[in-house]
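Biologist: Please take a close look at one part of this model, the strand pairing. Then place that part among its surroundings.

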Amino acid sequence: MSRRADLDVSGLPSVVYGPRASLWWGVVGIMAIEGTMFAILAASYFYLRGGAVEWPPTDVRHPGLGITTFGLAILLASILPMHWAAKAAEREDLKGIRLWLIVSTVLMVAFLVVRGLVMRSLTFRWDSHAYGSLVWTAAGLHTVHVVTGTCENLLFLALLDRGPVEDKHMLDLRLNSLYWYFVALSWVVFYCIFFLDPGLLKMR
Amino acid sequence: MSGISAAACLLLFAGHPPAHSALASAGPQAARIESLWWLFFWVCSAVFLLVMAALAVGLVRDRTPEEAGAAPGPIPPEARRRRTRVVAVATAITALILFVFLFASTGTGRAIASLSRSDRSDAMTVEVTGHQWWWEVQYIDPVPGQRVTTANEIHIPVGRPVRIRTASHDVIHSFWVPSLHGKRDLIPGHDSEDFWLQADRPGVYRGQCAEFCGHQHAHMAFLVIADPPDRFAAWLDAQRQPAATPATPQALRGQDLFVHLQCALCHAVEGTDAGGRVGPDLTHVASRRTLAAATLPNTRGHLSDWIVDSQRIKPGNPMPPTRLAGEDLESILAYLESLK
Amino acid sequence: MSIAEVDDIGQGWAGEDADAEERRRLEKTWKVPSNPLRAWFTNVDHKDLGKRYVVTALVFFVLGGIEAFLMRLQLARPESRLIGPDRYGQLFTVHGSTMMFLFAVPIMLGLGTYLVPLMIGTRNLAFPRLNAFSYWVYLAGGLLLYVGLFTNTGPDAGWFAYVPLSGPGFSPGKRVDIWAQMITFTEISSLAVAVNLITTIFKHRAPGMSLNRIPLYVWSLLVTSFMVVFAMPAVMLSSLMLAMDRLVDTHFFNPAEGGDALLWQHLFWFFGHPEVYIIFIPALGIVSSILSAFTRREVFGYLAMVMSLVATGFIGFGLWVHHMFATGLPQLGTSFFTAASMMIAIPSGIQIFCWTATLWGSRPRLKTPLLYVLGFFFIFVIGGLTGVMLASVPLDLQVHDTFFVVAHFHYVLIGGSVFPLLGGLFFWFPKMTGRRLSEGMGKLSFWLVFIGFNLTFFPMHQLGLDGMPRRIYTYLPETGWGTLNLLATVGAGILGLGLLVFFVNAAQALRHGEAAGNDPWGADTLEWAIASPPPSYNFLRLPTVAGRSALWSRREDQAEVTGLRSDRREVLVTNLLDAEPDHRDVLPGPTIWPFILGLGVAVTFITAIFTPWGVLIGAVPCAVALVAWFWPRGDMDREVVMEKRS
């Protein structure tokens with residue numbers, strides 16, 4: 001048999017970013033799954049609302065546009081330092097990564113505190129009525145995501161402290177930021193339907 | 001009268017089972033659906049035979065000369081063009097058949113719905129409520145005293161559409177009389193649109209719950225009895241009467257036991273103090289053909305078995321076993337049998 | 001052309017003047033731990049996990065089959081007192097749940113995890129540890145369900161668990177909770193496999209395997225995986241809602257407090273109908289593989305086939321309401337779903353026609369796998385046609401929830417999915433084990449299964465039209481359903497016997513089977529180019545591809561990939577469209593942490609059945625496992641940006 005031509009790939013890089021990387025597809029896959037889940041939860045909200053006699057039920061008081069919007073603002077603000085952390089990862093700038101991870105983690109914790117205050121101020125619980133079930137479930141699922149995001153940041157900070165940090169972690173850091181954008185932005189939808197909806201604003 | 005019902009029972013359970021087949025239609029809706037079925041059946045059968053024939057012929061045919069000794073790979077371009085045409089034509093025919101089906105199906109749907117579209121403000125309304133595991137049937141009447149409540153048996157006049165309003169307050173049931181119409185789910189919390197039943201021939205049509213609703217889903221049947229209008233009117237009139245006063249001392253004693261033992265907690269008999277609403281209304285229980293949601297013929301023996309230990313017949317049903325001295329049981333049976 | 005010649009082509013990959021040194025290094029790098037216990041808990045090899053998936057799913061298949069047979073015994077005659085209503089409810093619920101969640105989906109995805117990397121010419125899945133985790137979570141779900149059944153806590157509200165029957169008011173106890181958590185387990189598992197397969201198929205194909213050269217089987221798994229990603233979140237969410245309604249008194253499905261029982265049906269069937277296609281589409285891929293091997297032709301109409309798969313995937317999401325026609329939805333809405341449900345017959349039809357065109361005049365070799373495919377044609381076409389009937393609202397109103405529907409979906413699922421699957425297992429058994437199955441016993445099992453199946457399920461069409469609802473544990477003699485039911489039970493016996501022959505054949509072949517060689521069937525995809533069973537690293541050198549049939553279109557001087565490091569688990573990542581080499585990725589080796597994480601997830605969900613605090617309790621082992629999973633062990637020989645601090 002004749003000698004084959006070889007396809008030599010030894011010169012190719014071993015860490016790449018964006019859609020070129022396998023892991024990017026993995027993370028986008030998770031975002032697609034969870035995004036679908038949030039979308040279906042929102043659809044369930046509108047389905048139940050469509051069939052309801054009074055929506056929201058009479059015992060529901062708006063927790064206040066101020067504090068809920070403040071919370072959203074913190075959450076959205078945390079996107080910026082996460083973005084800068086990703087940029088620093090691109091440059092393999094460990095100091096920069098650490099700084100921006102710390103800033104964003106502080107914002108995440110601040111958001112969780114505001115989230116706690118909002119939930120405490122609600123006049124209903126998950127077992128009050130279907131509206132309550134929806135609000136608490138959406139907030140609960142989202143809180144789990146925020147807590148996970150916060151823990152991931154802490155994990156990266158620990159890694160940056162202990163080492164070894166490998167080239168692959170720069171990809172991980174960027175994808176960590178990408179995932180956080182998703183977590184932060186997904187709350188915008190629920191903020192709108194729970195707190196900004198003109199029909200619900202009137203109820204105060 | 002008892003002779004007639006005994007004969008009906010014999011007829012019912014011996015030789016001629018009540019009709020309960022989608023292919024033995026006895027009303028306009030089921031008949032429409034049945035003809036739609038046969039259209040689908042014949043066309044689909046033809047399609048199936050054609051596809052199988054094409055496959056069989058393809059299997060026994062020889063390879064084309066140009067392909068006979070060829071290495072494995074794509075089908076030669078010549079043959080490929082021919083096949084592309086065949087596949088395209090077959091696909092077009094498929095789409096055409098589906099369009100025919102779609103129109104036929106929509107047309108049938110309209111025809112079924114048209115029964116309700118015409119103005120029928122004078123039509124009789126029957127409320128059917130599904131319970132685990134029996135059917136409560138109420139004939140609505142503007143005069144409260146004229147309302148009739150019965151169970152597991154719906155009498156309708158032949159040739160006249162009857163408005164059916166369904167409800168369920170426990171789990172989902174599904175109301176289905178195959179010989180008269182397709183099914184309708186009874187969903188708690190949903191007031192479903194009314195629908196219509198009509199029988200064109202006198203007869204007994206069996207119906208059964210079609211949505212799994214718990215342990216005794218299997219024993220949740222009912223009968224639709226279509227009578228000529230005069231007989232139906234007579235039946236309705238008889239049902240409007242309160243329960244007959246017991247004529248014999250034994251039956252009188254039975255009534256007393258019935259009202260003061262646990263029976264009355266769940267069952268009602270109009271004209272007595274028994275007013276329970278948990279189980280079927282027994283005001284005219286002896287006039288019914290069956291017991292336990294069309295599970296048993298309504299005979300003294302079965303009634304007795306049912307009262308003593310219904311759990312052997314329908315395990316899991318809400319009626320507890322009743323411990324009764326022989327004499328007490330006989331009295332209650334005599335009483336219930338007097339409730340024509 | 002003889003099979004021996006094809007073998008020669010296949011041998012070529014393994015290298016003529018075999019680079020023994022390279023082989024030795026690869027063996028060392030890709031080694032599966034030799035201690036069997038350790039290997040069991042730490043293995044991340046896609047072939048071993050794939051086989052494990054298949055075997056586990058087959059065990060559940062047998063269990064589900066036994067349940068089915070018990071139900072058939074009970075229904076063989078009217079008013080039989082063999083099985084009471086309570087046990088019968090558990091049997092049909094667990095049967096349905098097993099077949100859908102523990103057999104059909106896992107075996108299809110599991111077979112995919114075995115075959116896809118081989119077919120596209122790579123060494124493992126893109127995320128090997130995730131694959132191990134998927135298996136453990138799946139196993140936990142299956143065990144949970146069967147611990148439930150064997151302790152008389154088997155779910156009993158049907159495999160679609162309609163509320164309110166499955167809700168807190170009418171199903172007290174833990175039965176439905178077990179069902180809901182089992183759903184969550186298996187969905188997590190399937191979702192993880194789906195993401196893994198999508199990434200692997202998109203990014204790890206051999207150079208030259210552009211999108212329009214992907215084998216149809218791989219396409220089918222790609223479409224299936226996308227359907228999983230968008231369908232399964234619906235059932236995860238709804239089973240979470242159901243569990244919360246039952247455990248912490250939420251009111252999603254409680255009409256008295258603003259909830260709605262129909263919401264459950266919408267959510268469940270938004271998942272449930274695509275689920276049918278998730279089971280069925282990989283089977284279409286198997287059919288294409290077998291057909292092309294035995295006709296020695298590429299499947300006719302590649303583009304039409306791929307577009308049909310994709311179209312099926314899309315339309316499959318627009319059909320869910322046809323499960324709800326009897327709920328009395330507005331007529332305008334139902335017409336849309338009728339149209340969609342009928343239109344999905346078009347892509348299915350196109351595929352049937354293309355396969356027929358492939359077979360036409362090909363004088364195929366009528367071996368057992370092909371017999372199963374022919375059986376698939378016969379049965380699936382019937383199932384498809386009754387499916388068209390069910391799409392019609394008026395007809396559906398009559399036959400919905402009757403034995404007609406039972407017959408229909410067994411025709412579609414057994415005919416459309418299990419027949420190709422059995423054919424596929426027969427087809428790939430030599431590759432997986434290195435042994436050939438007996439043709440004689442294979443044919444015997446086929447005829448028994450085929451005759452038994454039709455005898456069991458064909459009469460059910462008539463029973464449904466005659467008014468027999470599904471899920472009844474008994475019926476009265478005067479209904480006249482006895483004869484056909486008895487016939488169905490006899491058929492079930494024959495069907496069971498046929499499956500028994502299938503398994504005996506496999507057991508015998510494992511011990512005494514003839515050696516398979518690389519390519520016993522003369523097939524066209526890359527897995528047949530390597531040894532049977534394949535070595536842990538799959539390919540000595542990753543192949544390149546020059547056409548749709550990788551082996552048949554292979555040129556004498558077909559290039560092979562060189563320059564990948566063999567001292568770490570390096571694989572080639574290519575770009576999405578054209579599969580041009582892009583970069584080299586390093587895959588992780590054996591690890592215990594996926595198992596520990598699976599255990600943590602199991603603790604979370606199972607304790608949550610008893611107390612909501614289970615979520616917090618379970619979070620601890622999960623967090624530990626995740627950190628350990630993530631933490632670099634320095635064994636991948638990657639470039640270090642910052643050294644470990646001492």
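Modeller: Two strands count as paired if DSSP finds at least two bridges between them. Keep in mind that this is a predicted model.

Start with the three-strand sheet of chain B. It is open, and its order is β4-β10-β9. The pairing is mixed. Residues 153–157 make up β4(B), which stands at one edge, with β9(B) at the other. Each of these two has a single partner strand, so one side of each has no neighbour in the sheet. From one strand to the next, the twist averages 25 degrees.

Now zoom in on β4(B) and β10(B). The latter covers residues 221–227. The two run parallel, joined by five bridges. Within this pair, Ile154(B) faces Val224(B) across the bridge, the latter sitting in β10(B). A helix covers the pair too. α4(B), residues 229–240, lies across both β4(B) and β10(B). Its direction makes an angle of about 135 degrees with β4(B).

Chain B also has an open sheet of five strands, ordered β3-β2-β1-β5-β8. Its pairing is mixed as well. β3(B), residues 148–151, and β8(B), residues 195–197, are the edge strands. Each of them pairs on one side only. Here the strand-to-strand twist averages 30 degrees.

Follow β5(B), residues 162–168, through this sheet. With β1(B), residues 125–131, β5(B) pairs in the parallel sense over six bridges. One bridge there sets Glu127(B) against Arg165(B) of β5(B). With β8(B), β5(B) pairs in the antiparallel sense, over three bridges. In that pair, Arg163(B) has Trp196(B) of β8(B) as its bridge partner.

Strands in a sheet pair through backbone hydrogen bonds, either parallel or antiparallel. In a regular strand, side chains alternate between the two faces of the sheet. The faces of β5(B) can be listed separately. Val162(B), Ile164(B), Thr166(B) and Ser168(B) form its covered face. Arg163(B), Arg165(B) and Ala167(B) form the uncovered one. The bridge partners already met fall on that uncovered face: Arg165(B), opposite Glu127(B), and Arg163(B), opposite Trp196(B).

How far can chain B be trusted? Its mean pLDDT is 89, and 93% of its residues reach 70 or more. Residues 1–15 of chain B are another matter, with pLDDT below 50. That stretch has 15 contacts in the model beyond near neighbours in sequence. Where pLDDT is low, the predicted coordinates should not be read in detail.

Next, the surroundings. Two pairs of chains are in contact, and chains B and C share the most contacts. Chain B brings 74 residues to that contact and chain C brings 76. On the chain B side, the elements giving two or more residues are α2 (28–60), α3 (77–117), β7 (184–186) and β9 (203–208). So β9(B), an edge strand of the three-strand sheet, is on that list. The largest share comes from α3(B), with 16 residues. By class, this side of chain B holds 40 nonpolar, 22 polar and twelve charged residues.

Chain A is not a neighbour of chain B: the two do not touch. Their nearest C-alpha atoms are 10 Å apart. Chain A meets chain C instead, with 48 residues of chain A against 60 of chain C. On the chain C side, α8(C) gives the most, with seven residues. That side divides into 31 nonpolar, 13 polar and 16 charged residues.

Strand pairing also crosses between these chains. β1(A), residues 6–8, pairs with β1(C) in the parallel sense over three bridges. There, Leu7(A) has Val561(C) as its bridge partner.

Last, the interior. The largest nonpolar core has 354 residues. Val218(C) and Cys354(C) have the most contacts inside it. α8(C), residues 216–247, gives the most to this core, with 23 residues. Leaving out residues up to four places away in sequence, Val218(C) touches Val116(C), Met119(C), Ile120(C) and Ile201(C).

Methods:
Residues numbered from 1 in each chain as written. Chains lettered and ligands numbered in written order. Predicted model: local features only at pLDDT ≥ 70, side-chain atom pairs only at ≥ 80, totals over all residues. Contact = placed C-beta atoms within 7 Å. Helix = DSSP H or I, 4+ residues; strand = E, 2+ residues; numbered from the N terminus. Nonpolar A, V, L, I, M, F, W, Y, C, P; charged D, E, K, R; others polar. Axes fitted to C-alpha atoms, helices over the stretch in contact; angles between N-to-C directions. Core = buried A, V, L, I, M, F, W, Y, C linked by C-beta atoms within 7 Å. Buried ≥ 20, exposed ≤ 12 C-beta atoms within 10 Å, placed from the backbone. pLDDT = per-residue confidence, 0-100.
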